[in-house]
Amino acid sequence: MKLYRTNSGITVEHEGKFHAIASANWDNVIAREDLHSYVLQLIGKSAAAADHNPQGKDILAPIGSQEVWAAGVTYYRSRDARMEESKTAGGGDFYDRVYTAERPELFFKATANRVVGHQGKVAIRSDAKWSVPEPELSLLISPCGKIIGYTIGNDMSSRDIEGENPLYLPQAKVYNRSCSLGPCILVAEGPLPGPTTIALEILRAGKPEFSGSTTLSSLKRDPATLVEYLYRDNVFPSGCFLLTGTGVVPPDSFTLNHGDEIRITIDGIGTLINFVG
């Protein structure tokens, strides 16, 4: 079952049919502990219609007043990339240590106003020379810390800034249009299977410039453990989103250019498309 936030309201896709949910507040819906059963109740009160199928720019980022947080160095490929980019600054050992540590790396990523949705324009910093997208599974977490849904996330990153000094991570990660979410929220009653594929494709002038993929089975950290650490001594009245890290990293010779098209696909959720601009 999928939830879409659109210009005309909330649309639910269930069993191949689309239902428009009238007079429903996005935050009130997605912050529910019983999200799956509640959405089933909502669609039971609405008639399915083909013209409710959300399309293109009608789809908004599936976020209301939630914060977006992120986990780092949760895949071995990410560990290697972070160690390489920061070795001259003496920070390479930090990433190796956090990969094997009990406590995960967690950091604040974005407020809702910094997030763009499907087919929106993500940004690269004006003072960065080496920028990449990071395709990630994002968890939708309830106010009480329950994983109630999943979406696709793009954690835009300025690798040269973070590589210069790990303490510059907030500047490398947090800026306007540094994050995208979408195109929908997959409402599932259980965790996604390990073989679930996360794929990244970058097009330049309409032609493939980079592609790569990984699976959730390569994620070192259990999502529930990441959530438990995030919610320690923290309060999220409307719930929050947690990006779970990336296992797909373009080569060091690659950097994003204005006009590039970024396509992130996760099995069962769909494809999130963004443009650099």
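How many aromatic pairs does the structure hold? The answer is four. Keep in mind as you read that this is a predicted model. Here are my notes, point by point.

1. Start with Trp-69 and Phe-236, an aromatic pair that is edge-to-face. Their rings sit 6.3 Å apart, centre to centre, and the planes make an angle of 85°. That goes down as edge-to-face because planes over 60 degrees apart get that label.

2. Now look at where those two come from in the chain. Trp-69 belongs to strand β5 (residues 67-72), while Phe-236 is in the loop between α7 (223-230) and β16 (240-243). With their positions 167 residues apart, the pair links distant parts of the chain.

3. Are these two rings' residues buried or exposed? Trp-69 is buried, at a relative accessible area of 17%, and Phe-236 is buried too, at 4%. Both get that word because buried means under 20% relative accessible area.

4. This pair also has company. Trp-69 and Phe-236 join Phe-108 and Tyr-231 in one aromatic cluster. Try picking out those four side chains in the viewer.

5. Next up is Phe-210 with Phe-254, an aromatic pair of the tilted kind. Centre to centre they are 6.4 Å apart, with 40° between the planes. Phe-210 is in strand β15 (residues 207-215), and Phe-254 is in the loop between β16 and β17 (261-266). They are 44 residues apart, and this pair links distant parts of the chain.

6. As for burial, Phe-210 counts as buried at 15% relative accessibility. Phe-254 is buried as well, with a relative accessible area of 6%.

7. Rings here also meet charges. The charged end of Arg-32 is over the ring of Tyr-38, 3.8 Å from the ring's centre. Over at Tyr-229, Arg-232 lies over the face of the ring, 4.0 Å from its centre.

8. Last, a look at Ala-20, in strand β3 (residues 17-21). Why is Ala-20 called partly exposed? Its relative accessible area is 29%, and partly exposed covers what falls between the buried limit of 20% and the exposed limit of 50%, so the label fits.

9. What does Ala-20 touch, leaving aside its neighbours within four places in sequence? Its contacts are Ile-10, Ser-46 and His-52. Gly-72, on the other hand, is 37 Å from Ala-20 in space, C-alpha to C-alpha, and 52 residues away in sequence.

Conventions:
Residues numbered from 1 in each chain as written. Predicted model: local features only at pLDDT ≥ 70, side-chain atom pairs only at ≥ 80, totals over all residues. Heavy atoms only, no water. Phe/Tyr/Trp six-rings, centres within 6.5 Å; stacked < 30°, edge-to-face > 60°. Helix = DSSP H or I, 4+ residues; strand = E, 2+ residues; numbered from the N terminus. Buried < 20%, exposed > 50% of the residue type's maximum accessible area, 1.4 Å probe, protein only. Lys NZ or Arg CZ within 6 Å of the ring centre and 35° of its normal. Contact = heavy atoms within 4.5 Å.
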